Amino acid sequence: MRELNNFLSLIDSYIGSSPWFPYALLGTGLFFTIYLKFPQIRYFRFAFKVVRGKFDKEGNEGDTNHFQALTTALSGTVGTGNIAGVALAVHIGGPAAVFWMLMTAAVGMCTKFVEVTLSHKYRQKAEDGTMAGGPMYYMKNKLNMGWLAAIFAGATVLSSFGTGSLPQINSIADSLNATFGFDEMLVGGILAVLLGLVIIGGIKRIAAVTSRLVPAMAIIYFIGAFAVIFYNYENIIPSFISIFADIFTGSAAGGGFLGASIAFAFNKGVGRGLFSNEAGQGSAPIAHAAARANQPVSEGFVAILEPFIDTIVICTVTALVLLSSGVWQEKLNNEFDYVDMVVLDGTYTDQTDEGRAELAAHISGKAPLRLFDGMLQVEEGVIQNNVSIINARSLAENVVVKNNGQLVTGEVNIINGKPEDLLMVFEGNSLVHSSPLTAEAFTRSFFGEGGKYIVSIGLLLFAFSTAISWSYYGDRAMTYLFGTKSVKYYRLVYVVAFFIASFADTTIIWTLSGITIAVMTLPNLFGILMLRKDMKETVDDYWVKFKKDFPDEKTPE
């Protein structure tokens, strides 16, 4: 299992996690921003009018209205990335990572505009009379690249599990177990039944649920978030300053010894930005293709709002929670994750400039320190050897070793810096990241310890809504590949896998997800670039027809 995960990680390092991937993503967005003359700015206010249905016409084909399409797409993007992803980006890249998340969203608004417009334009009716659309249809119907469309659709099916189903329920079950003590299998069983009841009704039932769920979960999350921000009001302005002040200098990413380089901030900010709003990935256009729209461009206007709401609003609020509370720089008591920890041979310190520089060079890979190999001598949980433990990019303190909740006395075998026995639990004070970091930040508020319950509830709603929407994306991809009859089998597997992942290890799925996201994104970026002239002509035609249909309406042109 470990060998397979390492193999997948190696593949991912050449695509989704490679240094050039963020540049391809941002470069495409910047190109269309300039090529189409900043549509995300010029059409922003106009998009709200379209969402309200002001310019709708009777008889438009589709299965949902604009607002339902928007909330369905948002429910697919607003998920664990908004809670755990932002915390991970700040943990690794410092406050400057937030800036790059915002920049990704700004150009992503344009990318969403383009991919949704083209996907809506080349959608078609499925055998059951519902609308089917997405990048695979313009790849096939316009570019005549059926092979590329098949690759994209196949990656979408895999990503529906790797992004939308398995990691989501795993995060929900872990969070509810840690916060409320709920049994993970019981949580998975109940939510799997609810998921099945929703997705069996197809896009109309999915849209009906998400149009109510998305606003509700946003209100709950904002109440908790602003309770933190206003409780730490004196840190609001310094938090904003840190986001922009550290763009070109890097910042101390927690613990005081690891300076987050510009590259770290850029890569994590862009990476988390994509994972959060999915601009360029080609997923949201599948939901928008079902919308009743006067013209394809009108649905593209609606899509402009997605990265704004998801990243510029929600992710920024999460970042302010983390920065204003100060927890991102605090060492907190926690159980060390096997992936995040390593045992070093020798004693090191983060209390001096020299010590911090030495540890930073090790963690960045510039000058690795010697890893411990051999037997740790442990008495009543306390390590007797001359070693140091790194966890979550920080020097751990007050470390104890436990097994089944009991302090260990004896020998613990360490191979290449890692414990051989995975039942051995290392616990102590270190930095934390992802959802535990956000949960801790939410306790620094007017609600006190009760704030962590808001994170758990928010994670439940965010992640469950993501699972709902991604089931539809996989549904449409299966329809493209194998026809509508294959959908019922896909839904059954989707729900069963959702249940199993509530109590099973999904590490490999997370790694596979990174690969499938890249396999979706790269063909989509290639396709929309190939159709750049088509896109420009479609926009121009829209305004010509709009002025005829609504001569008294002021246009943003």
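# Setting values against definitions

Trainee: What makes Arg 393 buried?

Mentor: Its relative accessible area is 14%. Buried means under 20%, partly exposed lies in between, and exposed means over 50% (1.4 Å probe, protein chains only). Arg 393 falls under the first cut-off, so it counts as buried.

Trainee: What kind of model is this?

Mentor: The model is predicted: local features need pLDDT of at least 70, side-chain atom pairs count only at pLDDT 80 or more, and totals for chains, interfaces and linings use all residues. Residues are numbered from 1 along each chain as its sequence is written, and side-chain values use heavy atoms, leaving out hydrogens and water.

Trainee: Where is Arg 393, and what is its phi?

Mentor: Arg 393 sits in the loop between β9 (387-391) and β10 (394-395). Strands are DSSP runs of E, at least two residues, and helices are runs of H or I, at least four; both are numbered from the N terminus. The phi of Arg 393 is positive, about 60°, although the residue is not a glycine.

Trainee: Is Asn 404 buried or exposed?

Mentor: Exposed: its relative accessible area is 70%. Asn 404 also has a positive phi, near 55°, without being a glycine. Its loop runs between β11 (397-403) and β12 (406-407).

Trainee: How do you know that β9 is mostly covered?

Mentor: Five of its five residues are buried. Val 387, Ile 389 and Asn 391 are on one side, with Ser 388 and Ile 390 on the other. Both faces are therefore covered, by the cut-off for buried.

Trainee: Why does that list skip every other residue?

Mentor: In a regular strand the side chains alternate between the two faces of the sheet.

Trainee: What makes β9 and β10 paired strands?

Mentor: Two strands pair if DSSP finds at least two bridges between them. β9 and β10 have two, so they qualify, in the antiparallel sense. Ile 390 stands opposite Leu 395 in β10. The two strands form a hairpin with two residues between them, and Ala 392 in the turn has a positive phi of about 50°.

Trainee: How many bridges join β9 to strand β6?

Mentor: Five, again antiparallel; β6 covers residues 341-345. One bridge sets Asp 345 against Val 387 of β9.

Trainee: Why are β5 and β12 called edge strands?

Mentor: Start with the order of this open sheet of four strands: β5-β15-β11-β12, with antiparallel pairing. β5 (332-335) and β12 each have a single partner strand, so one side of each is left without a neighbour in the sheet. Further in, β11 and β15 (residues 424-430) are joined by five bridges. There, Asn 403 stands opposite Met 424.

Trainee: Why are α10 and α18 called oblique?

Mentor: α10 (residues 184-199) and α18 (residues 451-482) pack at about 40°, with axes 10 Å apart. Angles under 35 degrees count as roughly parallel, 65 to 115 as roughly perpendicular, over 145 as roughly antiparallel, and the rest as oblique. The angle fits none of the named ranges, so the pair is oblique.

Trainee: What residues meet there?

Mentor: From α10 come Leu 191, Leu 194, Leu 195, Val 198 and Ile 199. From α18 come Leu 460, Phe 464, Ala 467, Ile 468 and Ser 471. Contact means heavy atoms within 4.5 Å.

Trainee: Which residues of α17 are buried?

Mentor: In α17 (residues 434-442) they are Ser 434, Leu 437, Thr 438, Ala 439, Ala 441 and Phe 442. Their cover includes α6 (80-93), α11 (202-231), α15 (296-325) and α18. In α6 lies Leu 88. Leaving aside neighbours within four places in sequence, Leu 88 is in contact with Arg 272, His 433 and Ser 434.

Trainee: What makes Phe 462 buried?

Mentor: Phe 462, in α18, has a relative accessible area of 1%, so it meets the cut-off. Beyond neighbours within four places in sequence, its contacts include Ser 75, Val 78, Met 217 and Tyr 221. Phe 462 and Tyr 221 are 241 residues apart in sequence, yet 9.6 Å apart in space, C-alpha to C-alpha.

Trainee: How much of the whole protein counts as buried?

Mentor: Of its 557 residues, 59% do. The protein has 21 helices and 15 strands.

Key
Axes fitted to C-alpha atoms, helices over the stretch in contact; angles between N-to-C directions.
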